[in-house]
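Trainee: Before we discuss this entry, could you put the sequence and the model in front of us?

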Amino acid sequence: MGAMASLRDRDHRLARRTIAWGPRWLRRVAPAVEEAAEHTKLWWAAAGAMAAVGGWRGRTAAAAGVSAMATAEVLSNGVVKQLYRRRRPPREWVPPDDLRDRPDSSSFPSGHTAAAFGFAGAVATVWPAAGAACGASAVTVATQRVHSGAHYPTDVAAGGAIGLAAAALVRAVPRLLRRYVL
């Protein structure tokens, strides 16, 4: 078996286990996590809270987080999803109650995860304590995306990498502008 086939096989096995795993309370909590992450509501709320109570550092962290989140969404949803079409995990793997709002777009990469990691990564560089809280939330969102059957583990791994790259890019842009433009 080739390396890519082996990776795909492991990805599928891990997705099936993750989708089937978990106590009942987890299935009850997962829709709330999905709803909070939908349309980046969680990250906008976090940005608003940081800007309202965090002073200059909170406003700077919020601006960096929103900038990285937007960049990550453009890269994941506007570029990579258009270049690489991948089907979502089969419906048979997913409990019927979890199939209600299943997206039709490409599974690869996870845009929710890219936005979450982009926001958390950018916030962490400005306000580490807030970034840690956002990072824990980002990991929860990524796990929920696999657990709900919306993505394979490699989809969320790629989304996380895109998000962190977007955070690094947002952090580097002012320095690059000063160096090469101003």
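Mentor: This is a predicted model, in which local features need pLDDT of at least 70 and side-chain atom pairs count only at pLDDT 80 or more, while totals for chains, interfaces and linings use all residues. Residues are numbered from 1 along each chain as its sequence is written, and side-chain values use heavy atoms, with hydrogens and water left out.

Trainee: Is Arg179 buried or exposed?

Mentor: Arg179 lies in helix 7, residues 153–180, where helices are DSSP runs of H or I with at least four residues, numbered from the N terminus. Buried means under 20% relative accessible area, exposed over 50%, and partly exposed in between, with a 1.4 Å probe and protein chains only. Because its relative accessibility is 64%, Arg179 counts as exposed.

Trainee: How does Ala51 count by its relative accessible area?

Mentor: Ala51 is found in helix 3, and its C-alpha atom is separated by 7.8 Å from that of Ala61, 10 residues apart along the chain. Since its relative accessible area is 29%, Ala51 is partly exposed.

Trainee: Which element gives the most residues to the largest nonpolar core?

Mentor: A nonpolar core is a set of buried Ala, Val, Leu, Ile, Met, Phe, Trp, Tyr and Cys residues joined through side-chain atoms within 4.5 Å. Of the 20 residues in the largest one, Trp43, Met50, Met69, Phe119 and Val123 touch the most other members. Among the elements that give two or more residues to this core are helix 2 (24–37) and helix 3 (41–53). The element that gives the most, with 5 residues, is helix 5.
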